[in-house]
Amino acid sequence: MLEAFLISTGLVALAEIGDKTMLLAIMLAAAWRRPLPILLGILVATLANHAFAALAGSVLARFMDGDWVRWGVGLAFLGFAVWAVIPDRFDETPDVTEKTFAGVFWTTAAAFFVIEMGDKTQVATAMLAAQFQSLPLVVAGSTLGMMLVNAPAVLLGEAAARRLPLTWIRLAAAASFAITGVWVLVAG
């Protein structure tokens, strides 16, 4: 039984390194500088998303194949690159409602839940649940794996925001998104 937990933790942590959700964690932390609600939002979104993935199992994984997914993901990353260089409203004129604990938490949770749909860690969670047939252990392990990677990313993003202008961070994220989008489109 412990095998399902440990393998899920390790595989998801490895798959998450450098993933788009890790980039999102860094961007949110740099923009809002509120690590606690961001981390809690990531935790809740990951639990919900990976529970869904584990329940869906191999059925969900079957729908994630094909060129249409590659093109959709690649173009989405290119769109994220453009979006990352456009200053958000809270960059120019801070809005108190967007920076409240609840506002940051719910925005993070919603963004992570959506961006994790169809992601390799979600598919891995579905496959692990199908293999081990231990939903609670796989979901707990995959969630721990996500948090082991994204918690340092949030703390790094917040620390970077204190030392670097948000414009530089936004440009670095845009470049990362663009490179990832081109790579997905070209390499498949």
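**Group meeting: the packing around Ile 42**

Let me start with one residue: in this predicted model, Ile 42 touches Ala 25, Thr 108, Phe 112, Met 147, Asn 150 and Val 154, and that list leaves out residues up to four places away in sequence.

From there we can step out to the core itself. The largest nonpolar core has 19 residues, and those with the most contacts inside it are Ala 25, Leu 28, Ile 38, Ile 42, Phe 112 and Val 154, so that Ala 25, Phe 112 and Val 154 appear here as well as among the residues that Ile 42 touches. As for where the core residues come from, the elements that give two or more of them are α2, spanning 20–32, α3, spanning 35–62, α6, spanning 101–116, and α8, spanning 135–163, with α2 supplying the largest share, namely six residues. There is also a second, separate core of six residues, which includes Leu 128, Ala 129, Val 138 and Val 139. As general background, nonpolar side chains tend to be buried together in soluble globular proteins.

Now to the chain as a whole. Which kinds of secondary structure does the chain contain, helices or strands? There are nine helices and zero strands, and the pattern read along the sequence is accordingly α-α-α-α-α-α-α-α-α. If we take the contacts between residues at least 6 apart in sequence, 90% of them join residues at least 24 apart.

On burial, 44% of the 188 residues count as buried, while the accessible surface of the chain comes to about 9600 Å², of which 74% belongs to carbon and sulfur atoms.

Technical notes: Residues numbered from 1 in each chain as written. Predicted model: local features only at pLDDT ≥ 70, side-chain atom pairs only at ≥ 80, totals over all residues. Heavy atoms only, no water. Core = buried A, V, L, I, M, F, W, Y, C linked by side-chain atoms within 4.5 Å. Buried < 20%, exposed > 50% of the residue type's maximum accessible area, 1.4 Å probe, protein only. Helix = DSSP H or I, 4+ residues; strand = E, 2+ residues; numbered from the N terminus. Contact = heavy atoms within 4.5 Å. Areas by Shrake-Rupley, 256 points an atom, 1.4 Å probe, with all protein chains shown as cover.
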